[in-house]
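Please open the model in your viewer and keep the selection tool at hand, as this tour goes from one selection to the next and says what is found at each stop.

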Amino acid sequence: MTKRDNHEDMSTQPSDVEESQPRPEAAQLNEDESPSDGRWRWVVCLGVFVVNFLTVGQQNSAGVVYDALMEEYSTPRGETAWVASLASSMMYLFAAVGTYLAERYGSRIVVIPQASSPAPLRQRFKPLYLTYGVVWGLGASLGLFPSIVILTKYFRRRLALASGIALAGAASGGLVYGPIIEMLSSKFGISTTFRILAGLQSLMLLSALAFGPVTMVTGTNQQQSNRRFDLSIFNNKAYIIWVVGQCTFMVVFLVPFVHLVCFAEDKGVSKTDASLLTGFMSIGGVLGSLLFGALCDYPRFNRLKVCPAAVLFIGISTSAVTVATRYEWISVYAFAFGVFDGCYEMLLPVITRDLVGVHQVGHAIGALYCLMAFPKTIGPPMVGWIFDASKCYSISFYVTGGVAMLAAVIMFTLNWIKPVNLVEDRERLLPSEETEGSRKTLLYT
């Protein structure tokens with residue numbers, strides 16, 4: 001066996017990005033990155049945790065923002081829901097831009113400017129569609145998605161656990177942001193509250209400093225392909241089905257986040273107790289992302305079965321909560337929803353990387369979240385309109401549950417698609433300890 005053959009055999013062994021022995025085929029840190037012994041990736045993971053805390057945490061508190069906006073501006077529910085819906089949707093819509101810029105210029109350069117996103121000034125209601133809905137959504141997108149991309153490059157074998165830890169930041173942010181927004185808006189008004197929230201975004205700068213560049217030493221052709229958006233991901237049948245499933249679920253994804261607080265108040269729950277439901281969802285989200293993040297790195301937990309199962313439970317429980325007559329049962333739903341939402345959101349980037357491979361993961365994540373933005377915009381206003389017409393949330397929550405169950409069925413069909421052989425360089429970049437579910441679903445045609 002030649003020296004070159006020995007080197008290629010060694011390159012197929014498990015490795016994370018920062019191992020001290022260089023691998024030409026694997027992702028490596030640049031020479032100016034330190035340390036390179038495997039520990040720095042956990043600093044990066046902490047940075048992604050903070051970004052999720054500041055961006056997705058605020059998004060997950062949309063129900064409290066929604067309630068505060070209605071109280072201050074006395075607008076109809078369908079009209080008010082557009083503010084939070086646009087903010088979340090814009091965050092997803094610009095995902096492809098964020099991931100493309102991250103692939104070309106590096107996540108650090110893209111994330112740093114988002115630490116100084118402007119706050120909405122005191123104004124009438126409708127300009128909030130632009131100042132909070134679009135501007136904040138754009139800033140959050142260019143902070144969030146480059147951080148997700150950098151995480152998939154620093155981790156291989158423990159990506160599910162790392163994603164779970166990072167996504168726990170989103171749930172933790174919701175746990176903190178909900179009571180803070182409720183307290184600040186009732187004391188100072190929503191305009192001052194937005195300014196304070198904008199000031200907190202500056203903490204994203206500390207995270208960005210940890211996002212050192214990762215060099216993918218995979219040949220000239222691959223490096224050149226990162227200079228333009230890679231549309232070949234849409235030749236992957238499994239990826240297409242995955243996108244369809246996510247877009248279906250996004251139609252109703254935001255409904256519990258935006259409307260659960262008002263749903264509880266309509267059931268006779270006090271305003272203070274209703275605002276705590278966001279906290280229960282967040283606590284469940286922390287536990288769900290960490291628990292399933294640890295479990296889904298093991299072979300017996302097939303990621304492509306765990307994810308649709310989580311979405312299916314969300315659909316069933318959302319339909320069932322309409323019969324709840326006590327605050328305790330609504331709280332149980334909020335907590336359970338948070339657990340399985342944490343599982344779902346943790347697995348989104350992980351399964352996407354499994355489906356397309358390491359080289360295309362940045363483009364695949366950007367395209368996926370961008371396409372998810374369009375249906376995501378529809379859900380909260382649709383539910384608000386249904387309520388305005390029927391004066392009852394039951395029909396809205398039944399529709400939400402039904403659409404979620406349909407999305408779970410679409411996702412589950414991925415388990416019946418026949419895999420084909422992987423291209424050689426992708427095979428080398430993924431460790432042999434990857435979960436059985438991942439090995440069987442890395443690339444499909």
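Begin by selecting helix α4, where Ala62, Gly63, Val64, Val65, Tyr66, Asp67, Ala68, Leu69, Met70 and Tyr73 are buried, a word that stands for under 20% relative accessible area, while exposed stands for over 50% and partly exposed for values in between, with a 1.4 Å probe and protein chains only. This is a predicted model, in which local features need pLDDT of at least 70, side-chain atom pairs count only at pLDDT 80 or more, and totals for chains, interfaces and linings use all residues. Residues are numbered from 1 along each chain as its sequence is written, and side-chain values use heavy atoms, with hydrogens and water left out.

Stay with α4 a little longer, and note that helices are DSSP runs of H or I with at least four residues, strands are runs of E with at least two, and both are numbered from the N terminus. Because ten of the twelve residues of α4 are buried, this helix is largely enclosed by the rest of the structure. α4 covers residues 62-73 and reaches 16 Å from its first C-alpha to its last, close to the 16 Å expected at 1.5 Å a residue, where the expected span is 1.5 Å times one less than the number of residues. Just after α4 comes Ser74, whose phi is positive, near 55°.

From Ala68, move to Ser186: the two are 118 residues apart along the chain, yet their C-alpha atoms are separated by 7.7 Å. Ser186 lies in helix α9 and is exposed, with a relative accessible area of 56%. Also in α9 is Leu175, which is partly exposed at a relative accessible area of 34%. If you add Gly285 to the selection, you will find its C-alpha 9.3 Å from that of Leu175, although their positions lie 110 residues apart along the chain.

Now show helix α2 (residues 40-54) together with α9 (residues 159-188), whose axes come within 7 Å and cross at roughly 30°. That makes α2 roughly parallel to α9, given that angles under 35 degrees count as roughly parallel, over 145 as roughly antiparallel, 65 to 115 as roughly perpendicular and the rest as oblique. The axes are lines fitted to C-alpha atoms, for helices over the stretch in contact, and the angles run from 0 to 180 degrees between N-to-C directions. The crossing of α2 and α9 is right-handed, meaning that the near helix is turned clockwise from the far one by less than a right angle, whereas an anticlockwise turn is left-handed.

For a second pair, select helix α16 (residues 303-320) and helix α19 (residues 394-412), where the axes come within 7 Å and cross at roughly 165°. α16 and α19 are therefore roughly antiparallel to each other, and their crossing is left-handed. Within α19, pick out Ser396, which is buried with a relative accessible area of 1%. Trp385 is eleven residues from Ser396 in sequence, and 9.3 Å separates the two from C-alpha to C-alpha.

Next, select helix α17 (residues 327-356), whose 30 residues should span 44 Å at 1.5 Å a residue, and whose end C-alpha atoms are 44 Å apart, which agrees. Look along α17 for a kink of about 35° at Leu348, shortly before the proline Pro349; the bend at a residue is the angle between axes fitted to the seven residues ending there and the seven starting there. α17 is mostly covered, with 24 of its 30 residues buried, and Gly357, which follows the helix, has a positive phi near 95°.

Finally, colour the stretches that the unreviewed UniProt entry annotates as "transmembrane region", among them residues 81-102 and 306-324. Over residues 81-102 the chain is 95% helix and 0% strand, with the end C-alpha atoms 31 Å apart. Over residues 306-324 the chain is 79% helix and 0% strand, and 27 Å separates the end C-alpha atoms.

Key:
UniProt positions renumbered as here; feature names shortened; annotations may be inferred.
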